[in-house]
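Trainee: I should like to work through this structure with you, step by step. May we begin once it is displayed?

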Amino acid sequence: MAAAQGTSGPALDYAVTCQGCHRADGAGTPGTVPPLAGSVGRFLGVPGGREFLVRVPGVAQAPLDDAALAAVLNWMLARFGRDDVPKGFVPYTAEEVGRLRGRPLTDVAGARRQLARAIERAKQSGERARR
Amino acid sequence: MTDGRPWLDRLCERAARQLARRTSRRSFLTRLGTALAGTAALPLLPVARAASESSPSVPDDAALPGEAGDPKSCHYWRHCAIDGFLCACCGGSQNACPPGTEMSPLTWIGTCRNPGDGKDYIISYNDCCGQTLCMRCRCTRTEGERPLYLTMKNNDLLWCFGTQSRAVNCSVAVVLGVATRS
């Protein structure tokens with residue numbers, strides 16, 4: 001029985017704070033909530049992406065302290081980042097998260113569009129390099 | 001070739017014999033069976049899909065230790081942070097939507113303490129969508145709820161997102177697991 005094992009730490013914080021919208025498997029809901037699975041790790045590969053993941057409203061305003069929030073972010077990247085998290089990724093620290101969440105984004109959609117374009121460009125140049 | 005019968009008779013006989021040669025009774029029964037099973041399963045698909053996606057690893061509800069109380073009561077332990085009409089009073093149960101409604105994949109999640117074993121359980125409050133308000137067993141409890149500006153922790157919102165219909169009927173309280181503070 002799954003209930004007997006118990007959920008604690010970042011997995012519990014994800015369940016109670018993020019999972020309601022991003023879902024247990026990180027799939028999100030098309031058109032309403034962006035997916036984490038197979039997507040979130042790519043942000044770390046472009047300039048500004050690392051900061052973006054902390055400054056988005058859902059993360060910056062989460063009712064968690066800086067240490068717990070950093071732990072959830074690192075847990076989430078390990079779980080849903082899959083092969084997209086760049087090699088040599090340095091985990092978030094409480095200090096970094098505290099600094100970044102103090103500067104929330106004012107134009108979330110605009111920032112996301114810009115990063116999505118950069119991710120697409122990086123993907124294309126990666127494919128060209130492999131050919 | 002004429003055997004004295006009218007032409008329509010001969011035509012029908014030829015068509016019937018050809019049909020009998022080309023098909024077997026068994027193949028007809030197979031196709032009929034497939035069609036019947038297909039039409040029976042079709043109306044179930046959207047509801048079943050939403051329910052299975054939103055709760056991938058729900059523990060066996062009936063096997064919860066010390067499970068007690070009335071799911072139709074607002075005081076039932078799982079309802080510690082519910083805001084809406086209890087599905088148990090609306091043709092569903094504490095963890096299943098009434099027929100004709102679809103469980104919202106998006107939800108708000110909290111924890112409630114089970115008095116039966118003293119443990120905190122992770123509870124998902126999914127709205128059931130697709131029918132007008134049930135209007136029975138209204139219940140508003142706010143344990144762990146945050147103000148409206150923290151939308152992901154607020155239960156005043158209608159959570160019929162990602163569903164075919166935005167009309168909310170009632171709310172369920174699905175147990176997702178045990179919370180242990182480390």
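Trainee: How many residues does the contact take from chain A, and how many from chain B?

Mentor: Please keep in mind that this is a predicted model. Both chains take part in the contact, and a residue is counted with its partner when their C-beta atoms lie within 7 Å. The contact takes 23 residues from chain A and 28 residues from chain B.

Trainee: Which helix gives the most residues to the side of chain A that touches chain B?

Mentor: Helices α1, α2 and α3 (19–22) of chain A each supply at least two residues of that side. The residues of the side divide into 10 nonpolar, 11 polar and 2 charged. The greatest contribution, 5 residues, is made by α2(A).

Trainee: Which element of chain A has the lowest mean pLDDT?

Mentor: The mean pLDDT of chain A is 91, and 96% of its residues reach 70 or more. Among the elements of the chain, helix α7 (residues 94–101) of chain A has the highest mean, 98. The lowest mean, 48, belongs to helix α1 (residues 2–5) of chain A.

Trainee: In the open sheet with the order β3-β4-β8 of chain B, which strands stand at the edges?

Mentor: The sheet has 3 strands, and their pairing is antiparallel. Each edge strand has a single partner strand, so one side of it is left without a neighbour in the sheet. The strands in that position are β3 (108–113) and β8 (174–179) of chain B.

Trainee: What is the average twist from one strand to the next in that sheet?

Mentor: The sheet in question has the order β3-β4-β8 in chain B. From one strand to the next, its twist averages 30 degrees.

Trainee: Which helix packs on this sheet?

Mentor: The helix belongs to chain A and touches β3, β4 and β8 of chain B. Its direction makes about 120 degrees with that of β3(B). The helix is α2 (residues 9–17) of chain A.

Trainee: Over how many bridges do β3(B) and β4(B) pair?

Mentor: Cys112(B) stands opposite Tyr121(B), and Trp108(B) stands opposite Tyr125(B). The two strands form a hairpin with 6 residues between them, and Gly118(B) in the turn has a positive phi of about 70 degrees. β3(B) and strand β4 (residues 120–125) of chain B pair in the antiparallel sense, and the number of bridges is 6.

Trainee: How many of the residues of β3(B) are buried?

Mentor: A residue is buried if 20 or more other C-beta atoms lie within 10 Å of its own. β3(B) is mostly covered, the number of buried residues being 5 of its 6.

Trainee: Which strand gives the largest share of the largest nonpolar core?

Mentor: That core has 35 residues, and those with the most contacts inside it include Tyr121(B), Ile122(B) and Ile123(B). The elements that give two or more residues to the core are α2 of chain A together with β3, β4, β5, β7 and β8 of chain B. The largest share, 5 residues, comes from β8(B).

Trainee: Which residues of chain A does Ile122(B) contact, leaving aside its neighbours within four places in sequence?

Mentor: On the chain B side, the contacts of Ile122(B) include Ile109(B), Thr111(B) and Leu176(B). From chain A, the contacts are Thr7(A), Ala15(A) and Val16(A).

Trainee: In the sheet with the order β2-β5-β7 of chain B, which residue stands opposite Asp127(B)?

Mentor: This open sheet has 3 strands with antiparallel pairing, and its edge strands are β2 (102–103) and β7 (168–171) of chain B. Strand β5 (residues 127–129) of chain B is joined to β7(B) by 3 bridges. The residue in β7(B) that stands opposite Asp127(B) is Ser171(B).

Trainee: Is Gln18(B) buried or exposed?

Mentor: Gln18(B) is found in helix α1 (residues 7–22) of chain B. A residue with 12 or fewer other C-beta atoms within 10 Å counts as exposed. Because Gln18(B) has 10 of them, Gln18(B) is exposed.

Trainee: Why does Arg55(A) count as partly exposed?

Mentor: Arg55(A) has its place in helix α4 (residues 49–55) of chain A, and the residues it touches include Ala60(A), Leu100(A) and Pro104(A). Partly exposed residues fall between the limits of 12 or fewer for exposed and 20 or more for buried. Arg55(A) counts as partly exposed because its number of C-beta neighbours inside 10 Å is 19.

Key:
Residues are numbered from 1 along each chain as its sequence is written. Chains are lettered from A and ligands numbered from 1 in the order in which they are written. This is a predicted model: local features need pLDDT of at least 70, side-chain atom pairs count only at pLDDT 80 or more; totals for chains, interfaces and linings use all residues. pLDDT is the predictor's confidence in each residue, from 0 to 100. Helices (H or I, at least four residues) and strands (E, at least two) are DSSP runs, numbered from the N terminus. Two strands pair if DSSP finds at least two bridges between them. Axes are lines fitted to C-alpha atoms, for helices over the stretch in contact, and angles run from 0 to 180 degrees between N-to-C directions. Two residues are in contact if their C-beta atoms, placed from the backbone, lie within 7 Å. Ala, Val, Leu, Ile, Met, Phe, Trp, Tyr, Cys and Pro count as nonpolar, Asp, Glu, Lys and Arg as charged, and the others, Gly among them, as polar. A nonpolar core is a set of buried Ala, Val, Leu, Ile, Met, Phe, Trp, Tyr and Cys residues joined through C-beta atoms within 7 Å.
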